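Here are some notes to help you find your way around this structure. Please keep the model open as you read, and go through the points in order.

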Amino acid sequence: MNPGFVNVLEMLPVPKTADPISPQGRTARGRCIWCGNAATLNLGPRLKVIDRTLHRWLPRGCVDCAQRKAALTHRTHRTSCARCTEWEHCPDSLALHRLALGRLDGLIRED
């Protein structure tokens, strides 16, 4: 994959319990879906089926939680990616690793 197409925030998993249609939940506009604090990052569009209806939603997260989730996702990715070796890493792996280390420059594309 071309590194220009990698959107690291869209690779982060969101909680299965996050409810995109509940105004009382953590997914309320401007709140982090993981901790509930003020969110500064747009995690990209997501889809979820609720009561046999497809809902499109735009979850948000805070930088601290995104870094923690990136570290966990990177560990999982490294064990399952056929393109990643001990010495070379695919663009997805590199992006997740950079986010986990807090290097946000060039990784975060706010719309």
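1. Start with the cysteines in this predicted model. How many disulfides does a search of the whole structure find? The search comes back with zero. Cys 32 is in no disulfide, and the nearest cysteine sulfur, in Cys 35, is 3.7 Å away. Cys 32 counts as buried because its relative accessibility is 0%.

2. Cys 90 is worth a look as well. Its closest cysteine sulfur belongs to Cys 84, and because the two sulfurs are 3.7 Å apart, they are too far for a bond; the cut-off for a disulfide is 2.5 Å. With a relative accessible area of 4%, Cys 90 is buried.

3. Cys 32 also leads us to the largest nonpolar core, which has 18 residues. Which of them touch the most other members? They are Val 8, Leu 9, Leu 12, Cys 32, Trp 34, Leu 43 and Leu 99. The helices α1 (8-11), α2 and α3 (91-100) each supply at least two residues of this core.

4. Leu 12 makes a good viewpoint on these surroundings. Leaving aside residues up to four places away in sequence, Leu 12 touches Trp 34, Leu 43, Arg 46, Ala 66, Lys 69, Ala 70, Thr 73, Leu 96 and Leu 99. Two of these partners, Leu 96 and Leu 99, come back in the next point.

5. Please turn now to α3. Its buried residues are Pro 91, Ser 93, Ala 95, Leu 96 and Leu 99. What covers them includes α1 and α2. After α3 comes Gly 102, with a positive phi near 90 degrees.

6. His 74 is a residue to select in α2, the helix that spans residues 63-80. Is His 74 buried or exposed? It counts as buried, because its relative accessibility is 14% and the limit for buried is under 20%. Not counting residues up to four places away in sequence, His 74 touches Ser 93, Leu 96 and His 97. Leu 96 is thus listed as a contact of His 74 and also as a contact of Leu 12.

7. The strands deserve a friendly look too. β2 and β3 pair in the antiparallel sense, over five bridges. Ile 50 stands opposite Thr 53 in β3. Together β2 and β3 form a hairpin with two residues between them.

8. What do the backbone angles look like in the loop between β2 (46-50) and β3 (53-57), where Asp 51 is placed? Asp 51 has a positive phi of about 50 degrees although it is not a glycine. Arg 52, in the loop between β2 and β3, also has a positive phi, of about 60 degrees, and is not a glycine either. Most residues other than glycine have a negative phi. Asp 51 is exposed, with a relative accessible area of 71%, and Arg 52 is exposed at 84%.

9. Finally, a word on confidence. The chain averages a pLDDT of 82, and 78% of the residues score at least 70. Which elements have the lowest and the highest mean pLDDT? Among the elements of the chain, β2 has the lowest, at 84, and α2 the highest, at 93. Where pLDDT is low, the predicted coordinates should not be read in detail.

How values were computed. Residues numbered from 1 in each chain as written. Predicted model: local features only at pLDDT ≥ 70, side-chain atom pairs only at ≥ 80, totals over all residues. Heavy atoms only, no water. Helix = DSSP H or I, 4+ residues; strand = E, 2+ residues; numbered from the N terminus. Buried < 20%, exposed > 50% of the residue type's maximum accessible area, 1.4 Å probe, protein only. Contact = heavy atoms within 4.5 Å. Core = buried A, V, L, I, M, F, W, Y, C linked by side-chain atoms within 4.5 Å. pLDDT = per-residue confidence, 0-100. Pairing = 2+ DSSP bridges.
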